[in-house]
Amino acid sequence: MKKLILLLILIVISCEKKQELTAPQTFVGNAIGTTYGIKAFHDVPLELTEDIDAIIDMFNQSMSTWVPGSDINRINDGDSTVVVGKAFKEVFDAAQEIYRKTDGYFDPTVGNLVNAYGFGANGEQTSIPSQKQIDSLLQFVGFYKMDIQKTAIDEGYHVTTTQPGMFLEYNAIAKGTLVDYIARMLDEKGVENYIVEVGGEVITKGKNLEKDAPFLVGINDPKSGAQGTKTLMAINLEDKAMAGSGNYRKYKVDEATGIEYVHTVNPITGLAQPSQVIGVNVIANNCTLADGYATALMAMPLEKSRVLLKNIPEIEVIIMYIDDNGMLRFELTPGFNQYIKPQI
């Protein structure tokens, strides 16, 4: 009888344990001008709010051009005494990698142009810059003009430049970077199954234990417009990150000419004009790279993307573009199809 009671107790405990593992713990909040959401499966209750707030605060104070007095703003103001930490350097190094592999179409020194078009942290511009203004600002663009070096005294780093007046910004990979920081924190806590999302950029680990299946992430239909939430396709994402970029949501129209300008500035030409490419989604091992490559592929011509992607096998990509007949078309790397959930 005692053995039977003990067996029943063990069964109950086992069932409760399984229920704890398959019941998600969710966390939502605001960060860097957008929202974040986390769904995690763990066998004990997670207390994440303070850890998340600490990550967001570190990010803002180090790398946000929207926060007065941040390290990056002081660097942009010409303060050569600023010492940045390992996180800043990590993003700097990732940006350099993407800059090299995209032939400069991803360039975090495009900030002066972004501000000139009114899409940056320096306030809304009431007029579109002239070609003469654009040409004058292009001298401050070029990530090759910047370097990051270890300081001799402490564990920090100095950012140096050969061109005073440059404006460095991480906004093109900011959401992806924050996603990676939060995911790293969850890893340190031993969480083995989770999804982290910041402003639409996501990373997953393990599975959705509620459904015993990979986490599903939707790609929005760019034809649904600025406020649209129509899903174009669902992606099975397991131990991967995905980020998207699109000019169909954030743009402005010059009242004087009626010309449309998009938030993605081409660092080669300095122009912010729409192209046939209207949306890009990138799958990578981390969200910083996914976010950065998505931005680069939005900026460059479709023909250029086709050539460059052959030399970047570590990412999978879907490019949405409008053909000469006004029809929505898709360009996929060979490995992207394996992530698309079949429609039933």
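**Exercise 1. Place I32 in the chain and describe its backbone and its exposure.**

Solution. I32 has its place in the loop between β1 (25–31) and β2 (34–41). The model in which we read this is a predicted one. The next step is the backbone, where the phi of I32 is near 40°, a positive value in a residue other than glycine. For comparison, most residues other than glycine have a negative phi. The last step is exposure: I32 has a relative accessible area of 27%, and because partly exposed residues lie between the cut-offs of 20% and 50%, I32 is partly exposed.

**Exercise 2. Carry out the analysis of Exercise 1 for D212.**

Solution. Begin again with the position, which is the loop between β6 (201–205) and β7 (215–220). The phi of D212 is near 50°, and this is a positive value in a residue other than glycine. For the exposure, D212 has a relative accessibility of 58%, and because exposed means over 50%, D212 counts as exposed.

**Exercise 3. Which residues does UniProt list for "binding site", and where do they lie in the model?**

Solution. Start from the record: the unreviewed UniProt entry lists A172, D291 and T295 under "binding site". These residues span 124 residues in sequence, yet no two of their C-alpha atoms are more than 6.9 Å apart, so they gather at one spot. The lining of the largest pocket takes in A172, D291 and T295.

Now take two of these residues in turn, beginning with A172, which is found in the loop between β4 and α7. A172 has a relative accessible area of 24% and is partly exposed. Not counting residues up to four places away in sequence, A172 touches F106, D291, G292 and T295, and this list includes D291 and T295, which the UniProt entry also lists.

D291, by contrast, lies in helix α8 (residues 287–299). Its relative accessible area is 4%, and because buried means under 20%, D291 is buried. When residues up to four places away in sequence are not counted, D291 touches A172, I173, A174, K175, G176, E201 and A243.

**Exercise 4. How are α4 and α7 each arranged against α8?**

Solution. Consider first helix α4 (residues 86–101), which packs with α8 at an angle of about 40°, the axes being 10 Å apart. That angle makes α4 oblique to α8. The contact between them is made by A94, E97, I98 and K101 of α4 and by T288, L289, G292 and Y293 of α8. As for handedness, α4 passes α8 in a right-handed crossing.

Consider next α7 and α8, whose axes come within 7 Å and cross at roughly 170°. Because an angle over 145 degrees counts as roughly antiparallel, α7 and α8 are roughly antiparallel to each other. On the α7 side, A174, K175, G176, T177, V179 and D180 meet C287, T288 and D291 in α8. D291, already discussed as a residue of the "binding site" list, is thus found again among the α8 residues that meet α7.

**Exercise 5. Decide for T162 and for N112: buried or exposed?**

Solution. T162 is found in the loop between β4 (157–161) and α7 (174–188). With a relative accessible area of 66%, T162 is exposed. T162 and F140 are 22 residues apart in sequence, and their C-alpha atoms are 9.9 Å apart in space.

N112 has its place in helix α5 (residues 111–117), and at 17% relative accessibility N112 counts as buried. Leaving aside its neighbours within four places in sequence, N112 is in contact with L137, F140, G165, M166 and F167.

**Exercise 6. Where is K240, and which residues does K240 contact?**

Solution. K240 is found in the loop between β8 (231–237) and β9 (241–246). Its C-alpha atom is separated by 6.7 Å from that of N286, although K240 and N286 are 46 residues apart along the chain. Leaving aside neighbours within four places in sequence, K240 is in contact with V202, I203, T204, I283, A284, N285 and Y339.

**Exercise 7. Describe the protein as a whole.**

Solution. Count the elements first: the protein has nine helices and 14 strands. Of its 344 residues, 49% count as buried. Finally, among contacts between residues at least 6 apart in sequence, 59% join residues at least 24 apart.

Conventions:
Residues numbered from 1 in each chain as written. Predicted model: local features only at pLDDT ≥ 70, side-chain atom pairs only at ≥ 80, totals over all residues. Heavy atoms only, no water. Helix = DSSP H or I, 4+ residues; strand = E, 2+ residues; numbered from the N terminus. Buried < 20%, exposed > 50% of the residue type's maximum accessible area, 1.4 Å probe, protein only. UniProt positions renumbered as here; feature names shortened; annotations may be inferred. 1 Å grid on protein atoms, 1.4 Å probe; cavity = no way out; pocket = protein on both sides within 12 Å on 5 of 7 lines; lining within 4 Å. Contact = heavy atoms within 4.5 Å. Axes fitted to C-alpha atoms, helices over the stretch in contact; angles between N-to-C directions. Parallel < 35°, antiparallel > 145°, perpendicular 65-115°, else oblique. Left-handed = near helix turned anticlockwise from the far one by under 90°.
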